[in-house]
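Grab a pencil and work through the exercises below. Each one sets a task and then walks through a solution.

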Amino acid sequence: MEYRCVQCGFRIKTLFVQYSPGNIRLMKCVNCKAVADEYIECELMIVLIDLILHKPKAYRHVLFNVLNHERTHFQGLLWKSLVGFLVLDAYRSLLVKKPEEEWATSMSISSIFWIYRKMLMDVFLGNYMFLCSFLFAIRSLLKTSAQFSRFRDLLLAVLISSYFKILLTALMVWEFPPAVIYIIDLFVLSSNTVALKVITKSTMNRCIGACFIAHAIKFCITQAFA
């Protein structure tokens with residue numbers, strides 16, 4: 001897997017030339033003539049801010065230049081991201097169900113078992129249908145070639161771009177209205193859309209359509225088992 005210019009997405013062989021420790025020269029893209037990846041010399045906080053602002057060049061930096069197949073343990077990263085995604089989604093499901101159930105000390109064991117059973121159904125069945133519908137929507141709406149339709153690449157892009165789910169952990173400390181959960185879902189949807197556009201180079205409208213279909217199906221499935 002080659003690196004990409006964060007400005008135009010053009011494939012390049014190397015991002016910088018190192019002359020000595022701490023002395024590097026950033027390479028320019030032969031296509032757009034701009035510095036291929038200026039984030040190499042930026043602090044992590046700058047990258048995070050640009051990700052939150054949904055800048056495509058920040059997503060190209062992370063998905064192509066940081067999570068490069070040849071530089072990272074891709075398989076291990078994929079599994080860790082998947083586990084983290086499912087854990088955060090399980091916590092979200094628990095938060096959604098919490099106002100609906102009375103979490104009293106007098107709850108029976110059968111009631112607690114029923115709550116966690118519904119939560120696991122939401123997480124595993126909901127995300128299975130989400131990924132299946134996501135891949136189906138990509139093939140139908142985007143008509144991408146096999147080069148950009150590899151399951152692992154798309155799966156990792158979805159998992160990494162769902163980083164807004166980390167905000168759910170703030171609900172462990174502070175109390176927020178239940179609407180905050182759905183606002184976070186909207187941020188996840190928009191972030192997935194930008195990541196899909198960066199990976200597939202498709203139009204924004206089609207990427208929005210593909211992500212919206214997948215998230216809508218997941219929402220319907222989880223509501224059906226509520």
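**Exercise 1: Cysteines**

Cys-207 comes out as buried, at a relative accessible area of 0%; buried means under 20% relative accessible area, exposed over 50%, and partly exposed in between, with a 1.4 Å probe and protein chains only. A word on the ground rules: this is a predicted model, where local features need pLDDT of at least 70, side-chain atom pairs count only at pLDDT 80 or more, and totals for chains, interfaces and linings use all residues. Residues are numbered from 1 along each chain as its sequence is written, and side-chain values use heavy atoms, with hydrogens and water left out.

Task: find out how many disulfides the whole structure has, and what keeps Cys-207 and Cys-5 from bonding.

Solution.
- Step 1. Start from the cut-off: a disulfide is a pair of cysteine sulfur atoms within 2.5 Å.
- Step 2. For Cys-207, the closest cysteine sulfur belongs to Cys-211 and sits 6.6 Å away, so that is too far for a bond.
- Step 3. Now try Cys-5, which is also buried, at 0% relative accessibility. Its closest cysteine sulfur is that of Cys-32, at 3.6 Å, again too far for a bond.
- Step 4. The search of the whole structure agrees: zero disulfides.

**Exercise 2: The overall layout**

Task: work out in what pattern the helices and strands follow one another along the protein chain.

Solution.
- Step 1. Count the elements: seven helices and four strands. Both are DSSP runs, numbered from the N terminus: helices are H or I with at least four residues, strands are E with at least two.
- Step 2. Read along the sequence, and you get β-β-β-β-α-α-α-α-α-α-α.
- Step 3. Add the burial: 39% of the 226 residues count as buried.
- Step 4. Check the contacts, meaning heavy atoms within 4.5 Å. Of those with a separation of 6 or more, 64% are between residues 24 or more positions apart.

**Exercise 3: Salt bridges**

Task: say how many salt bridges the whole structure has, and pick some apart.

Solution.
- Step 1. Set the cut-off: a side-chain nitrogen of Lys or Arg within 4 Å of a carboxyl oxygen of Asp or Glu. The search turns up five.
- Step 2. One of them pairs Lys-57 with Glu-38, at 3.2 Å from N to O. This pair links distant parts of the chain, 19 residues apart: Lys-57 is in helix 2 (residues 56–66), while Glu-38 is in the loop between strand 4 (23–26) and helix 1 (44–52). Lys-57 is partly exposed at 24%, and Glu-38 is partly exposed at 22%.
- Step 3. Asp-50 and Lys-55 form a salt bridge too, with their closest N and O atoms 3.5 Å apart. Here Asp-50 is buried at 9%, whereas Lys-55 is partly exposed at 34%.
- Step 4. Then there's Arg-92 with Asp-185, at 2.8 Å from N to O. Arg-92 lies in helix 3 (residues 74–97) and Asp-185 in helix 6 (residues 179–200), so the pair ties together parts that are 93 residues apart in sequence. Arg-92 is buried at 15%, and Asp-185 is partly exposed at 22%.
- Step 5. Finish with the network: Asp-89, Lys-165 and Lys-218 are joined into one by salt bridges that share partners.

**Exercise 4: Helix 3 against helix 6**

Task: describe how the axes of helix 3 and helix 6 cross, and which residues meet there.

Solution.
- Step 1. The axes come within 10 Å and cross at roughly 145 degrees. They are lines fitted to C-alpha atoms, for helices over the stretch in contact, with angles running from 0 to 180 degrees between N-to-C directions.
- Step 2. For the residues, Arg-92, Leu-95 and Val-96 in helix 3 meet Ile-181, Tyr-182 and Asp-185 in helix 6.

**Exercise 5: Far in sequence**

Task: place Glu-2 and Thr-169, and see what lies across from each.

Solution.
- Step 1. Glu-2 is in the segment before strand 1 (3–4) and is partly exposed at 35%.
- Step 2. Leaving aside neighbours within four places in sequence, Glu-2 touches Arg-11, Ile-12 and Asn-68. Glu-2 and Asn-68 are 66 residues apart in sequence, with 7.8 Å from C-alpha to C-alpha.
- Step 3. Thr-169 is in the loop between helix 5 (151–160) and helix 6, and is partly exposed at 33%.
- Step 4. The C-alpha atoms of Thr-169 and Leu-88 are separated by 8.1 Å, with their positions 81 residues apart along the chain.
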